[in-house]
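Reader: I have a protein model open in front of me and would love a close look at a single part of it. Could you pick one element, walk me through its surroundings, and then place it in the wider fold?

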Amino acid sequence: MEVFRPIPVDVLLVGEPCVVDLFMKLDDTLVPFLSKGGVLTGDHLRDLERLRVRRMFIKGSQAEAFEEYVQRNADKILTDPTVPSRVKAATFYISSMGALKKAFVKPDAPSLNRIKKEIVPLLKGIMKNEIVLGDLLAITQHDFNTYTHSVNVGIYATAIAVRFYRHDPSYGMNELERLSYGFFLHDIGKSRVPLSILRKRGPLSDEERSIMKKHPEWGYAILMETGNLTDEAAYIAMQHHERPDGTGYPLGTKDIHPCARICALADIFDALTSKRPYKDPMSPFAALKLLKAETFTVFDHELLTTFIQILGPDEDVTH
Ligand SMILES: [Fe+2]
Ligand SMILES: [Fe+2]
């Protein structure tokens with residue numbers, strides 16, 4: 001049976017032949033909108049706007065071709081100041097998803113370098129306000145597969161770091177780039193976890209859990225073997241499941257690097273707000289409330305406040 005994937009309308013380019021078949025959802029049914037090779041016109045986009053359609057659907061079997069197409073255009077779109085933020089956000093999301101998928105299948109130096117290349121225009125866009133965070137947050141999907149999770153955590157944690165360190169002169173572009181890279185690859189060690197465990201539709205057994213818990217060390221090893229082990233990436237990969245009260249893993253240390261705490265906040269938030277086969281997603285508000293109850297240190301509290309400011313006033317759980 002064909003599986004369909006949602007894609008944001010904003011990523012479609014007018015005047016270009018479509019590289020995949022496009023479908024739209026009408027009353028819970030997918031209907032063909034434009035066939036592969038058909039040219040998308042301004043009229044098409046206006047129709048979609050009028051119908052308030054923000055997502056289209058593509059066949060899962062054509063997803064890779066689509067992601068490659070978006071990746072090919074990504075550099076141009078992300079660096080063009082005249083392109084609207086919504087389009088940039090959508091392009092980045094699809095393009096980085098494709099890059100992450102490749103990195104998980106084959107975590108070698110070229111695929112990890114590709115992610116580094118993707119992140120720079122994102123960071124610059126956020127810092128220059130050419131990519132509005134709200135547009136990035138609006139586009140996140142919550143189906144909790146390893147790729148969407150990695151991209152979501154990368155976006156949330158990068159947003160937190162950019163805002164949290166905005167007045168700190170020791171965090172310039174290069175430092176933020178190293179942080180962001182580590183965030184997007186925080187779970188790269190999961191590429192060594194068997195798919196039968198990663199995709200299990202239900203809670204893990206003790207043995208499966210102990211294999212899963214090796215992913216921080218495996219992530220560290222992959223980053224080292226591919227020549228990508230900066231201090232930041234090392235701490236993020238190794239410590240993003242450590243907790244300040246010592247209940248985390250793999251070491252149970254209480255001495256955790258700040259960048260790993262930023263990653264942990266984004267990681268838990270995405271896990272809580274995503275749909276799993278055995279649980280419904282939590283609302284952002286409920287997730288932040290739960291996170292608030294688990295802030296152990298002043299630093300954690302400041303990070304959470306920063307995250308709440310990013311997500312917007314509707315999500316304020318501080319009072
Ligand atoms: Fe993890
Ligand atoms: Fe994670």
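Author: Happily; what follows starts with the chain as a whole, settles on helix 7, and then moves outward through its neighbours.

Please keep in mind that this is a predicted model. The protein chain has 14 helices and four strands. Its radius of gyration is 20 Å, close to the 20 Å that the globule rule gives for 319 residues, so the chain is as compact as a globular protein of that length. The C-alpha trace spans about 55 × 45 × 40 Å along its principal axes. Of the 319 residues, 38% count as buried. If we take the contacts with a separation of 6 or more, 69% of them are between residues 24 or more positions apart.

Now for the part itself. Helix 7 covers residues 173–184, and its twelve residues should span 16 Å at 1.5 Å a residue; the end C-alpha atoms are 16 Å apart, which agrees. Which of its residues are buried? They are L176, L179, S180, Y181, G182, F183 and F184. And what do these residues pack against? Their partners are helix 3 (85–105), helix 4 (109–127), helix 6 (146–164), helix 11 (231–239) and helix 12 (258–273).

Let us take helix 4 next. Helix 4 has 19 residues, and the distance from its first C-alpha to its last is 27 Å, close to the 27 Å expected at 1.5 Å a residue. Its buried residues are L112, I115, E118, I119, P121, L122, G125 and I126. Among the elements covering them are helix 7 and helix 3, together with helix 2 (63–79), helix 5 (133–139) and helix 6. After helix 4 comes N129, which has a positive phi near 65°. N129 sits in the loop between helix 4 and helix 5, and it is exposed, with 9 other C-beta atoms within 10 Å, where 12 or fewer is the cut-off.

Most residues other than glycine have a negative phi, and most peptide bonds are trans. With that in mind, two further spots deserve a glance. D27 has a positive phi near 50° and lies in the loop between strand 2 (22–26) and strand 3 (29–34). D27 counts as exposed, with 5 C-beta neighbours inside 10 Å. The other spot is a cis peptide bond joining Y249 and P250, with omega about 10°; P250 is found in the loop between helix 11 and helix 12.

That loop brings us to helix 12, another partner of helix 7. D267 has its place in helix 12. Is D267 buried or exposed? It is buried, with 23 other C-beta atoms within 10 Å, where 20 or more is the cut-off. D267 touches V153, H186 and H240, leaving aside residues up to four places away in sequence. D267 and H186 are 81 residues apart in sequence, while their C-alpha atoms are 9.2 Å apart in space.

A266 gives a direct link back to our helix. Leaving aside residues up to four places away in sequence, A266 touches F183, along with V153, Y156, A157 and I160; F183 is one of the buried residues of helix 7.

In soluble globular proteins, nonpolar side chains tend to be buried together. Here the largest nonpolar core has 75 residues, and those with the most contacts inside it are I160, C263, L265 and A266. Helix 3 gives the most to this core, with eleven residues. The core also draws at least three residues from each of domain 1 (1–62) and domain 2 (80–315).

How do those two domains meet? Their C-alpha centres lie 29 Å apart, and the contact takes five residues from domain 1 and seven residues from domain 2. On the domain 1 side, four of the touching residues are nonpolar, none is polar and one is charged.

One last stop is F299, in helix 14 (residues 298–311). F299 is partly exposed, with 15 other C-beta atoms within 10 Å. It touches P258 and R261, again leaving aside residues up to four places away in sequence. F299 and P258 are 41 residues apart along the chain, and their C-alpha atoms are separated by 8.3 Å.

Terms used
Residues numbered from 1 in each chain as written. Chains lettered and ligands numbered in written order. Predicted model: local features only at pLDDT ≥ 70, side-chain atom pairs only at ≥ 80, totals over all residues. Helix = DSSP H or I, 4+ residues; strand = E, 2+ residues; numbered from the N terminus. Rg over C-alpha atoms; globule rule 2.2 N^0.38 Å. Expected span 1.5 Å × (residues − 1). Domains from an automatic or database assignment. Nonpolar A, V, L, I, M, F, W, Y, C, P; charged D, E, K, R; others polar. Core = buried A, V, L, I, M, F, W, Y, C linked by C-beta atoms within 7 Å.
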